[in-house]
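Biologist: I would like a close look at a single part of this model, one helix and its surroundings. Please take it slowly and connect it to the rest of the chain.

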Amino acid sequence: MEYPGNLFVVAAPSGAGKSSLVKSLLELDSHLVVSISHTTRPPRGQEHDGREYWFVSEPEFRAMTERGDFFEWAEVHGNLYGTSRAAIESRMAAGEDVILEIDWQGALQIKQLFPHAVLIFILPPSFEELLQRLHRRGEDGADVIETRMANARLEVAQARHFDFVIINALFETALFDLKAIVHAQRLKYAAQRRSRRAVFDALNLS
Ligand SMILES: Nc1ncnc2c1ncn2[C@@H]1O[C@H](COP(=O)(O)OP(=O)(O)OP(=O)(O)O)[C@@H](O)[C@H]1O
Ligand SMILES: Nc1nc2c(ncn2[C@@H]2O[C@H](COP(=O)(O)O)[C@@H](O)[C@H]2O)c(=O)[nH]1
């Protein structure tokens, strides 16, 4: 499928900082919209339905998968997560630039559907720092943190399938890298569209 806007996909092990980076990017970039995913995970302390996620029951989620409502979905850390068509289709069709914050399994599904999607993987500087960040965030119990740390070791091996890798050691540096990727992709896409136009013009086609 091809849409007129850019599609960015950001994945990372839990706690690497992708939500923080995407949130800061959105504050600086009014041309970018983030997709709100559906999940069966219970809300954390400050989370609201329709803001961080659409929180649904497992039967509701399964019904959506059967109806084909998702562009992609996956089981992550024991919960189900998915990007609904309703969340992004109209915005992509309108030519808006969309960013998805999803896990690596979803990212690879999106690349299959939208080959022009740009996949960005965020790495923490070390596993020790990742563990510290999960503890400092203070949102998850010890068992959840243990699961996420175990999964992190498998997830980082997937970075090789991504177009770009950013190491989120110093936050401002990682944000700069993310902005640069978005900017470069916009220029590349615009240039490609202009050259297609130029070819059409030269051939006197409309
Ligand atoms: N560069 C950084 N240095 C130190 N702390 C950071 C940095 N980036 C993010 N953090 C902190 O690390 C914690 C985890 O960040 P965040 O919630 O953005 O991670 P995440 O990758 O979105 O995790 P999840 O997938 O679980 O939602 C937060 O408390 C955040 O403030
Ligand atoms: N495949 C998908 N993964 C998603 C989606 N939305 C979020 N996620 C990923 O799940 C984990 C855990 O998130 P958390 O909010 O419980 O910490 C993280 O890697 C998210 O990126 C989705 O729609 N599809």
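Modeller: What follows is an account of helix α4, its packing partners, the ligand shells and the core.

The model is predicted. Helix α4 covers residues 104-113, and its buried residues are Trp 104, Gly 106, Ala 107 and Ile 110. These four lie on the same side of α4, because the arc they cover around the axis is only 155 degrees. Gln 112 and Leu 113, on the other side of α4, are exposed. The general background is that an α-helix has 3.6 residues a turn, so residues three or four places apart point the same way.

What do the buried residues of α4 pack against? Their partners are the strands β1 (7-11), β5 (70-76), β6 (79-84), β7 (97-101) and β8 (118-123), together with the helix α6 (142-155).

One of these partners, β5, can be followed through Glu 72, which is found in that strand. Glu 72 counts as buried because it has 22 C-beta neighbours inside 10 Å, where the cut-off for buried is 20 or more. Leaving aside neighbours within four places in sequence, Glu 72 is in contact with Gly 106, Gln 109 and Ile 110, and also with Gly 82 and Thr 83. Of these contacts, Gly 106 and Ile 110 are among the buried residues of α4. The C-alpha atoms of Glu 72 and Ser 84 are separated by 7.5 Å, with their positions 12 residues apart along the chain.

The loop between β5 and β6 holds His 77. His 77 is not a glycine, yet it has a positive phi of about 50 degrees. In general, most residues other than glycine have a negative phi. His 77 counts as partly exposed because it has 14 C-beta neighbours inside 10 Å.

The elements β5, β6 and α4 come up again at ligand 2, as those that give two or more residues to the shell around it. There are 15 residues around ligand 2, and those that come nearest are Ser 37, Ala 74, Tyr 81, Ile 102 and Gly 106. Gly 106 is also one of the buried residues of α4. By class, the shell around ligand 2 has four nonpolar, seven polar and four charged residues.

From β1 the view is into the nonpolar core. The largest nonpolar core has 41 residues, and Val 9, Val 10, Ile 120 and Ile 122 touch the most other members. The element that gives the most to this core is β8, with six residues. Not counting residues up to four places away in sequence, Val 9 touches Ala 107 and Ile 110, as well as Leu 100, Ile 102, Ala 117, Val 118, Leu 119 and Ile 120. Ala 107 and Ile 110 are both among the buried residues of α4. As a general matter, nonpolar side chains tend to be buried together in soluble globular proteins.

For comparison, consider another helix, α1 (18-28). In α1, Lys 18, Leu 21 and Val 22 are buried. They line one face of the helix, because they fall within an arc of 95 degrees seen down the axis of α1. Lys 23 and Glu 27, on the other side of α1, are exposed.

Ligand 1 has 13 residues around it, of which Ser 14, Gly 17, Ser 19, Ser 20 and Arg 133 come nearest. The elements that give two or more residues to this shell are α1 and α5 (127-137). The shell around ligand 1 divides into three nonpolar, six polar and four charged residues.

Between α1 and β2 (32-34) there is a loop that contains His 31. His 31 is exposed, because 10 other C-beta atoms lie within 10 Å. The C-alpha atoms of His 31 and Gly 17, 14 residues apart along the chain, are separated by 22 Å.

To place these parts in the whole, the protein has seven helices and nine strands. The protein is as compact as a globular protein of its length, because its radius of gyration of 18 Å is close to the 17 Å that the globule rule gives for 206 residues. Its C-alpha atoms fill a box of roughly 65 × 40 × 30 Å along the principal axes. Of the 206 residues, 30% are buried. Among contacts with a separation of 6 or more, 67% come from residues 24 or more positions apart.

Terms used: Residues are numbered from 1 along each chain as its sequence is written. Chains are lettered from A and ligands numbered from 1 in the order in which they are written. This is a predicted model: local features need pLDDT of at least 70, side-chain atom pairs count only at pLDDT 80 or more; totals for chains, interfaces and linings use all residues. A residue is buried if 20 or more other C-beta atoms lie within 10 Å of its own, exposed if 12 or fewer, and partly exposed in between; C-beta atoms are placed from the backbone. The arc is that of the directions from the helix axis to the C-beta atoms. Two residues are in contact if their C-beta atoms, placed from the backbone, lie within 7 Å. A residue is near a molecule or strand if its C-beta atom, placed from the backbone, lies within 6 Å of it. Ala, Val, Leu, Ile, Met, Phe, Trp, Tyr, Cys and Pro count as nonpolar, Asp, Glu, Lys and Arg as charged, and the others, Gly among them, as polar. A nonpolar core is a set of buried Ala, Val, Leu, Ile, Met, Phe, Trp, Tyr and Cys residues joined through C-beta atoms within 7 Å. The radius of gyration is taken over C-alpha atoms; the globule rule is 2.2 Å times the number of residues to the power 0.38.
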